[in-house]
There are 2 protein chains.
Amino acid sequence: MNQKLAAQRHELILRAVRTHGTVRLPDLVELLGVSAVTVRRDVTALADRGLVVRVHGGITMPRHAEPFPRGPQSVVGPAQTHPLVGMVAPSVEYYWPAVIQGAQTAVAAAGGRLVLRASSYDAIEDRRRVCELLDRGVQTLLVAPSTTGRAGVELLRWLGAQSVPVVLVERLPPPALPTIALDAAVTDHEIGAGLAVRHLATLGHSRIGLVTSRQSPHSDAIRAGWTTAVSSLELPFNGVPALDVPPYGSPQWTRVVDQVIDECLNASVHAVLVHADREAIGLLERTRERGVRVPEDLAVVSYDDEVAAASDPPLTAVRPQKHRLGALAAQLALARLADPLDRPVHRVVLWPTLTVRESCGNELNTSRGLG
Amino acid sequence: MNQKLAAQRHELILRAVRTHGTVRLPDLVELLGVSAVTVRRDVTALADRGLVVRVHGGITMPRHAEPFPRGPQSVVGPAQTHPLVGMVAPSVEYYWPAVIQGAQTAVAAAGGRLVLRASSYDAIEDRRRVCELLDRGVQTLLVAPSTTGRAGVELLRWLGAQSVPVVLVERLPPPALPTIALDAAVTDHEIGAGLAVRHLATLGHSRIGLVTSRQSPHSDAIRAGWTTAVSSLELPFNGVPALDVPPYGSPQWTRVVDQVIDECLNASVHAVLVHADREAIGLLERTRERGVRVPEDLAVVSYDDEVAAASDPPLTAVRPQKHRLGALAAQLALARLADPLDRPVHRVVLWPTLTVRESCGNELNTSRGLG
DNA sequence: TCGGTTTCGATCGTTTCCGATCGTTTCGTT
DNA sequence: AACGAAACGATCGGAAACGATCGAAACCGA
């Protein structure tokens, strides 16, 4: 163990500086068991990345500076004085609050005001809400409309013909309307599902199941991401359950979740990706009742990370960057408002991140104890 | 122990890295009982699939995200007073000057400085230029690398392993590396080609030809966009020329452009989309010499809009938003610099716009990004 | 049995990392 | 202000690791 990798040393240095605030260089020499010049090199490397700050004789934590001037905002023209931004979200109970907050902060930072209308995954109602906002005098719109079926296509066509700029949030025009010129900010849920699959594969699982929540607009993307990740990792499909379940709390719920657990156990599947925190937590409840241990018997990754941290055990979860997405959508709308003509269509895709907690039995925390 | 399949070795490697967090390569050699080069091969395979991360001398667990939120306040990087941004463009003669200017203005607006290195559509040279910039001390990089072939994949892998943030410009990771976590800003050239086809169709053309410039990295996308637009508009393919021509000025040029004109006239094709202004202008020259009238006998849309306005007659052209794209890429890089850890991967897609001039013979007004 | 393909290992030149040394700068004490 | 000690940066050389190429062995279908 005398010999350590550069990455290990960096990790240890970061940990030391995090716990102690400041670290003297000779202490690091002793801690790492390498020469002083090597420590200096490591420290300069970390300082170049901005992870620590060099001072004479040691290092300290980086001061949390203000974000970069003007942030990731686009090149915009003259600032609108007090833009009124409308937003139509399909729900305000799940997933969307963070998106709305993100939009809210971005609009407020621009000196504007956000007006929200809640809809309910229905194209007709979406359109009604948009009309209300237009009557209210909004200058631009963030919309997460229903895009399925004939009504969805019709709604998108109508949105694209509005005179105020419209930005789609977590929605893209369907293949039937590939060229409708609307800005959009979306999360790549396929990549997100792939992150989960890869994480489980790294932990040694080869048979990785999937549970998606019926009637969620993201289910298809998550299933697609799961499929491509499993096949690109050359993991087996046959016998691995990939179920579409009714939402948590519905009458058939207990029966279906029991079926999920049974199928996993029967097929030697010890890892599942579960779409939507609620369903994952429901699955955890049922495993507790039935004596199935998580993560020993079944590793679980949740998708959404709304309340995954508070479950028992805390769920490792894929986290769409909802707040950022909302902010980004608002910035797109404001930028379009400032430059409605020349500005080309922007389509921004954000990748989710993976937050590792305890529901997969990750030994990463314990393994570095004796550094 | 002596004889193992590759899959078994991979399994053992994953288990080792899982239990220890990091593994040195010689340890794996001893553990697996195979040669070092084989271990290296296995490790690169696993790293390509995103299951482990390669570091010099060994491997570590992939860090999808920070397991522990770091501090109550949003952690950001150092306050870069005067960020130094490097850029590698494959050419400074065509298309790229506008991109570079866009990046330049964005970096300057943030109080930083842009350092440019020109390369030449070659992965080896791209890498050398990047090294030069790193030696120069740049804190972040905008790169438009060559992504084709083995060398291209290798280059992308290397770019993804750099410690400074890298933003891809007009390039996306190839399908072989779908999960490499690099920000990117690209133009949707498929949409651009579709814009041209749709414009010509609106003007009454049903048989719409295509001329692409050989050895351009965008040719494939333009051809794909032309194909999908033609087929989704249910226009005919058969007999319609879709040629890949050598660049303007090459020895065969006159022969080939004559062939293009002949094929169009013979097949009753009175509209073509021509990739790259130079080739379109060359086509116009030849039509003048041969007495073919533009737009009466042949409507021409050019792709790129570098010098299309100055041709005779002025060319209707698809215009990638090069200046904006460069600015956007620079903003992505600066934002990543300010927040290197928590910020998710951003992929931004810009649509080109269509600038209507006289080479298609219509009297519509200039079309805009949004209708 | 044959030919093609895949997989693994040996070798070699190159790159990268690490430590020793030395001269210079910075800090703290008198 | 002067001094010494500590820290720092630069340079060099050895050792380890890396990538590329070639060749041998195993595998597989015909």
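Buried means under 20% relative accessible area, exposed means over 50%, and partly exposed lies in between (1.4 Å probe, protein chains only). The exercises below use these classes.

This is a predicted model, in which local features need pLDDT of at least 70, side-chain atom pairs count only at pLDDT 80 or more, and totals for chains, interfaces and linings use all residues. Residues are numbered from 1 along each chain as its sequence is written, chains are lettered from A and ligands numbered from 1 in the order in which they are written, and side-chain values use heavy atoms, with hydrogens and water left out.

**Exercise 1. Classify B:Arg319 and B:Asp305, and describe their link.**

Step 1. B:Arg319 has a relative accessible area of 36%, so B:Arg319 is partly exposed.
Step 2. B:Asp305 has 5% relative accessibility, so B:Asp305 is buried.
Step 3. Recall the term: a salt bridge is a side-chain nitrogen of Lys or Arg within 4 Å of a carboxyl oxygen of Asp or Glu. The side chains of B:Asp305 and B:Arg319 meet in one, at 2.8 Å from N to O.
Step 4. Place the two residues. B:Asp305 sits in the loop between β12 (299-303) and β13 (316-319) of chain B, and B:Arg319 is in strand β13, so the pair ties together parts that are 14 residues apart in sequence. Helices (H or I, at least four residues) and strands (E, at least two) are DSSP runs, numbered from the N terminus.

**Exercise 2. Describe two salt bridges of chain A, A:Arg157 with A:Glu154 and A:Arg336 with A:Asp183.**

Step 1. Take A:Arg157 and A:Glu154. Their salt bridge spans 3.4 Å, N to O.
Step 2. Both residues lie in helix α6 (residues 149-160) of chain A, three residues apart, about one turn of the helix.
Step 3. A:Arg157 counts as partly exposed because its relative accessibility is 44%. A:Glu154 is also partly exposed, at 37%.
Step 4. Now take A:Arg336 and A:Asp183. Their closest N and O atoms are 2.9 Å apart. This pair links distant parts of the chain: A:Arg336 is in helix α11 (residues 322-338), A:Asp183 is in strand β8 (residues 183-187), and 153 residues separate them.
Step 5. Both A:Arg336 and A:Asp183 are buried.
Step 6. Widen the view. The structure holds 35 salt bridges over all chains. A network of salt bridges links A:Asp258, A:Asp262, A:Arg286, A:Glu289 and A:Arg290.

**Exercise 3. Which residues are closest to DNA strand C, and which are closest to DNA strand D?**

Step 1. Set the cut-off. A residue is near a strand if one of its heavy atoms lies within 4 Å of it.
Step 2. For DNA strand C, 14 residues qualify, the closest being A:Thr38, A:Arg41, B:Arg9, B:Thr38 and B:Arg41. Sugar and phosphate make up 60% of the strand C atoms within 4 Å of the protein.
Step 3. Look at single atoms. A polar side-chain atom of A:Arg41 lies 2.5 Å from a base nitrogen of DNA strand C. An N or O atom in the side chain of B:Arg9 is 2.6 Å from a phosphate oxygen of DNA strand C.
Step 4. Find the elements. α3 (36-48) of chain A and α3 (36-48) of chain B each supply at least two residues of the surface near DNA strand C.
Step 5. Repeat for DNA strand D. It is surrounded by 18 residues, the closest being A:Gly57, B:Leu25, B:Pro26, B:Arg40 and B:Gly57. Here sugar and phosphate account for 85% of the strand D atoms within 4 Å of the protein.
Step 6. A backbone N or O atom of A:Gly57 lies 2.7 Å from a phosphate oxygen of DNA strand D. For B:Gly57, a backbone N or O atom is likewise 2.7 Å from a phosphate oxygen of that strand.

**Exercise 4. Where in chain A is the pLDDT below 50?**

Step 1. Define the score: pLDDT is the predictor's confidence in each residue, from 0 to 100.
Step 2. Chain A averages 86, and 91% of its residues score at least 70.
Step 3. The pLDDT is below 50 over residues 65-78 of chain A. It also stays under 50 over residues 364-371 of chain A.
Step 4. Where pLDDT is low, the predicted coordinates should not be read in detail.

Terms used
Contact means heavy atoms within 4.5 Å. A polar contact is a pair of N or O atoms within 3.5 Å; within protein, one must be able to donate a hydrogen and the other to accept it, and residues adjacent in sequence count only if both atoms are side-chain atoms.
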